[in-house]
Amino acid sequence: MRVARAEFIKSAFERSHWPHDKRPEIAFLGRSNVGKSSLINSLLGRKGLARTSNTPGRTQSINFFLINESITFADLPGYGYAKVPKTMRQEWGKMAEQYLSEREELALGIQLVDSRHEPTKLDKQLHEWLRFNGKPSIIVATKADKLSSNQLRKNISAIENDLSGTPVIAYSSVTGNGRDLLWRAINSAVAEFPK
Ligand code: GTP
Ligand code: MG
């Protein structure tokens, strides 16, 4: 996919701030620090467009980006960061559930898990929620560059097993490994999205 244009649209702290342009939207979901913003930058070939940080749990807004004037990317806040106050963690659940259940533009949810670890309890909960509610979604295992190819292969099949047999795409935002495969999944979800 050639990304001719990629621009930040806005940060939304509540539903009334969501953009309303009826374009198919791709949502990026996953625990804090798993690599959502890095993945977006890597897919778009733009270094600092989605802000990355070493301070997990900072982003509390949904950040929207417009790609080639035809697709929207939504970078959701990360979940599961222990040092975030409990009330804020509960807010995450409410915000994400509202977004996922009410967002009509949602064409695909990309759920990120860390390729080095077993999916967490919250990863499994989110995955079950997406399946139960019939939301089109795929799983991406991030930071694949941190493992040997042997270890990566093992971990990917363990993650697939853990998440009810759903296929997993391994990705590295450092090397760009997985980029073509993921763009293919995005493009086919966009093509299937009702006009
Ligand atoms: P929140 O917005 O806090 O939820 O985090 P996030 O999921 O957006 O993670 P972010 O992209 O900010 O990345 C977190 C850290 O992981 C950063 O230090 C990144 O440089 C690093 N990182 C992300 N993806 C990769 C990857 O594929 N490989 C390696 N080696 N590091 C990565
Ligand atoms: Mg982020």
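Here are some questions and answers about this predicted model.

User: Let's start in the middle of the sheet. How many residues of strand S2 are buried?

Analyst: Happy to start there. Strand S2 covers residues 25-30, and both of its faces are covered. Glu25, Ala27 and Leu29 are buried on one side, while Ile26, Phe28 and Gly30 are buried on the other. The count of buried residues in S2 is therefore six of six, with buried meaning under 20% relative accessible area.

User: Which strand is joined to S2 by six bridges?

Analyst: S2 has a parallel partner in strand S4 (residues 71-75), and four bridges join that pair. The strand with six bridges to S2 also runs parallel to S2, and covers residues 106-114. Glycine 30 of S2 stands opposite leucine 112 there. The strand you are after is S5.

User: And on the S4 side, which residue is the bridge partner of phenylalanine 28?

Analyst: Phenylalanine 28 is one of the buried residues of S2. S2 and S4 run parallel, with four bridges between them. In S4, phenylalanine 28 has as its bridge partner aspartate 75.

User: Which side chain makes a polar contact with the side chain of serine 37, and at what distance?

Analyst: Serine 37 sits in helix H1 (residues 36-44) and is buried at a relative accessible area of 13%. Beyond residues up to four places away in sequence, serine 37 touches Ala50, Arg51, Thr52 and Asp75. The polar contact joins the side chain of serine 37 to that of aspartate 75, at 2.9 Å.

User: Is threonine 142 buried or exposed?

Analyst: Threonine 142 belongs to strand S6 (residues 137-142). Leaving aside neighbours within four places in sequence, its contacts are Val34, Leu112, Val113, Asp114, Ser115 and Tyr171. Its relative accessibility is 5%, and the cut-off for buried is under 20%, so threonine 142 counts as buried.

User: Which element gives the most residues to the largest nonpolar core?

Analyst: That core has 29 residues, and those with the most contacts inside it are Ile26, Phe73, Ile110, Leu182 and Ile186. The elements giving two or more residues to this core are S2, H1, strand S3 (62-67), S4, S5, S6 and helix H5 (179-192). The one that gives the most, with six residues, is H5.

User: How many residues are in the second, separate core?

Analyst: This second core stands apart from the one we just looked at. Among its members are Trp18, Trp92, Leu100 and Leu106. Its size is 18 residues.

User: Back to H5: within what arc do its buried residues fall?

Analyst: H5 has 14 residues and reaches 20 Å from its first C-alpha to its last, close to the expected 20 Å. Its buried residues are Leu182, Trp183, Ala185, Ile186, Ala189 and Val190. They line one face of the helix, because seen down the axis of H5 they fall within an arc of 160°.

User: Which exposed residues are on the face of H5 turned away from its buried side?

Analyst: The buried side of H5 includes isoleucine 186. Not counting residues up to four places away in sequence, isoleucine 186 touches Ile26, Leu43, Phe73, Leu108 and Ile110. The face turned away from that buried side carries the exposed residues Asp180, Arg184, Ala191 and Glu192.

User: What about helix H3: which exposed residues does it carry on the face turned away from its buried side?

Analyst: H3 (residues 121-132) has 12 residues and reaches 16 Å from its first C-alpha to its last, close to the expected 16 Å. Its buried residues are Asp123, Leu126, His127, Trp129 and Leu130. These fall within an arc of 160° seen down the axis of H3, so they line one face. On the face turned away from them, the exposed residues are Lys121 and Phe132.

User: Now the loops. What is the phi of lysine 22?

Analyst: Lysine 22 lies in the loop between strand S1 (6-12) and S2. At 58% relative accessibility, lysine 22 counts as exposed. Although lysine 22 is not a glycine, its phi is positive, at about 65°.

User: And where is asparagine 33 found?

Analyst: Asparagine 33 also has a positive phi in a residue other than glycine, near 80°. With a relative accessible area of 40%, asparagine 33 is partly exposed. Its place is the loop between S2 and H1.

Technical notes. Residues numbered from 1 in each chain as written. Chains lettered and ligands numbered in written order. Predicted model: local features only at pLDDT ≥ 70, side-chain atom pairs only at ≥ 80, totals over all residues. Heavy atoms only, no water. Buried < 20%, exposed > 50% of the residue type's maximum accessible area, 1.4 Å probe, protein only. Contact = heavy atoms within 4.5 Å. Pairing = 2+ DSSP bridges. Polar contact = N/O pair within 3.5 Å; in protein donor to acceptor, adjacent residues only side chain to side chain. Expected span 1.5 Å × (residues − 1). Arc of directions from axis to C-beta. Core = buried A, V, L, I, M, F, W, Y, C linked by side-chain atoms within 4.5 Å.
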